[in-house]
Every structure is written in C-alpha cells, then in structure tokens.
Amino acid sequence: RSLELLQEALVECRRCDRLVAWREEVARVKRRAYRDETYWGRPIPGFGDPDATLILMGLAPAAHGGNRTGRMFTGDRSGDFLYAALHRAGVASQPTSVRRGDGLTLTGAFIVAPCRCAPPENKPTPAELAACRPWLEAELALLDRAHTYLALGKTGYDAVLTLAKKHGDISGTPAFAHGARGEIPDPRGGGGRAWLFGSYHVSQQNTQTGRLTAAMFDEVLGAALERARR
Ligand code: SF4
C-alpha cells in the first residue's frame, strides 16, 4: 500500500523544468504511428514484484515507449528485448509488454530507473539524476527483500554505486562493464551487503548492432538471478 502511495506522489512530480517540458511536448506532438493514443507524459513508477530480491536498474523512460504507455520498458524495442529475456528466465509472465493492463506480471524482480521522466536524447543531466534520486531511494526503501541489482548500462550502474557509497566503501567494486559484478554495501542502507551486476543497456542501439546479444544478456541475467534467489 505504501508503495502505491509513493508512486501516486511520484507521478505528480514536476521538479525538473527541462524534463517536464520535454515529456509533455513529446506527449502533445506524438509519433505518427501513435497519433490516436493518449500519451502518459508523466514520471514512470517502478514496476514488478514488491517482494523482489532482484532489482533491474534502467536509465530513463523512452519518449515513445514508457513516456507513451506509462510503464517501464513498455511499448518499445528495448522492452521487447528485455521482457523476452525475463520470460525465458521465468521472471515475466509473458514475453511482451505492450501496454499497462495487459496482464504482465513479474515474479522476484522489480524494475526501477534513476531518472523517471523521458529526457531529450535519452540523456538526463547530473542535476536531473540528483533531483530524481530521492524517489529512487524512497521506492527501494519499500522493497524490503531487495539485495541484488542488475544495472542496464553505466548510468544505472553508477546510480546503484552512488547509493551504496552512502552506506560504505565501494573502492573495491569494479567499474562498469558488461558482465562486471561485485559485492557492495546495501544501497538501501541498514549495514548489510548487496550484489551489483552490470549489463550493456537493452537499447536498440546495442541490440540491433550486436553489441548486446540475447545470449550475452541471458548469461548476466542468469548470474544475477542465481544470486538473487539465494
Ligand atoms: Fe521529478 Fe524525477 Fe521527473 Fe525530475 S526526473 S521531474 S525529479 S520524476
């Protein structure tokens, strides 16, 4: 219930002038293929299983994906790749994520992002990431069982490390790379330990060029899940 309350507050956030203007402009102009749809055009709450032990940390909503549908990685190519992999791994109830209310559920995993509004060129500024961090912290604080993080891209990886650093030493943690992994101070605080895994982002730029293949992603997802299920 408190997760719902937090998310109700999050979707009303207008803290970042540039991102509010962009998310609303994209929602107003629309892409031709979606011209009959009403875009979400607001911040995107986390999505998944509140009892998750695995947290997937993305980057930010896509202009015509999450910013259109209102759900993480939903309605775009990144989501097609990600949810197909989560379905293969037994985490997602279906391999596609088209719209909110399509029946998709996750078991054992929860998806968040360090920036909740679609940014121009998919690049939030450091100030915007800092402005959004309290939302991320507040959401993670409500996910009591989370202890393993799979970051999709360097921004997500560094977002986890920024939180972990508040609670301990991260000097031994490997820098971001695909397949990087290490034990970290629990980003949720409390003095415990957590695990962080890194993957290239599931963006079309990576998946269509072969920089990130389904096999590569399945390997790192499998390793993170194995840790998360212990
Ligand atoms: Fe609010 Fe985060 Fe969106 Fe900025 S990016 S307006 S802090 S929800």
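Me: Before anything else, what makes a residue count as partly exposed here?
Reply: A residue is buried if 20 or more other C-beta atoms lie within 10 Å of its own, exposed if 12 or fewer, and partly exposed in between; please also keep in mind that this is a predicted model.

Me: Ok, so why does Ala 84 count as partly exposed?
Reply: Ala 84 has 19 C-beta neighbours inside 10 Å, and because buried starts at 20 and exposed ends at 12, that count puts Ala 84 in the partly exposed class.

Me: Which helix is Ala 84 in?
Reply: Ala 84 belongs to helix H4, which covers residues 77–88.

Me: And how far apart are Ala 84 and Ala 180?
Reply: In sequence they are separated by 96 residues, while in space the distance from C-alpha to C-alpha is 22 Å.

Me: Switching to the sheet: what order do the strands come in?
Reply: The sheet is open and has six strands, running in the order E1-E3-E2-E4-E6-E5, and its pairing is mixed. The edges are formed by strand E1 (47–48) and strand E5 (181–185), each of which pairs on one side only.

Me: What does E1 pair with, parallel or antiparallel?
Reply: E1 pairs with strand E3, residues 109–112, in the antiparallel sense over two bridges, and Gly 48 has Phe 110 of E3 as its bridge partner.

Me: And how does E2 pair with E3 and E4?
Reply: With E3, strand E2 pairs in the parallel sense over four bridges, and there Leu 56 is the bridge partner of Ile 111. With strand E4, residues 148–152, the pairing of E2 is likewise parallel over four bridges, and Met 57 has Ala 151 in E4 as its bridge partner.

Me: Are the residues of E2 buried or exposed?
Reply: In strand E2, residues 54–57, both faces are covered, since Leu 54 and Leu 56 on one side are buried, as are Ile 55 and Met 57 on the other. As general background, side chains in a regular strand alternate between the two faces of the sheet.

Me: New topic, the ligand: which residues come nearest?
Reply: There are 14 residues around the ligand, and the ones that come nearest are Cys 13, Cys 16, Pro 43, Cys 117 and Cys 132. Two elements give two or more residues to this shell, namely helix H2 (17–29) and helix H5 (126–141).

Me: Which element gives the most?
Reply: That is H5, which gives four residues to the shell around the ligand.

Me: How many of the shell residues are nonpolar, polar or charged?
Reply: The shell has 10 nonpolar residues and four charged ones, with no polar residues.

Conventions: Residues are numbered from 1 along each chain as its sequence is written. This is a predicted model: local features need pLDDT of at least 70, side-chain atom pairs count only at pLDDT 80 or more; totals for chains, interfaces and linings use all residues. A residue is near a molecule or strand if its C-beta atom, placed from the backbone, lies within 6 Å of it. Ala, Val, Leu, Ile, Met, Phe, Trp, Tyr, Cys and Pro count as nonpolar, Asp, Glu, Lys and Arg as charged, and the others, Gly among them, as polar. Two strands pair if DSSP finds at least two bridges between them.
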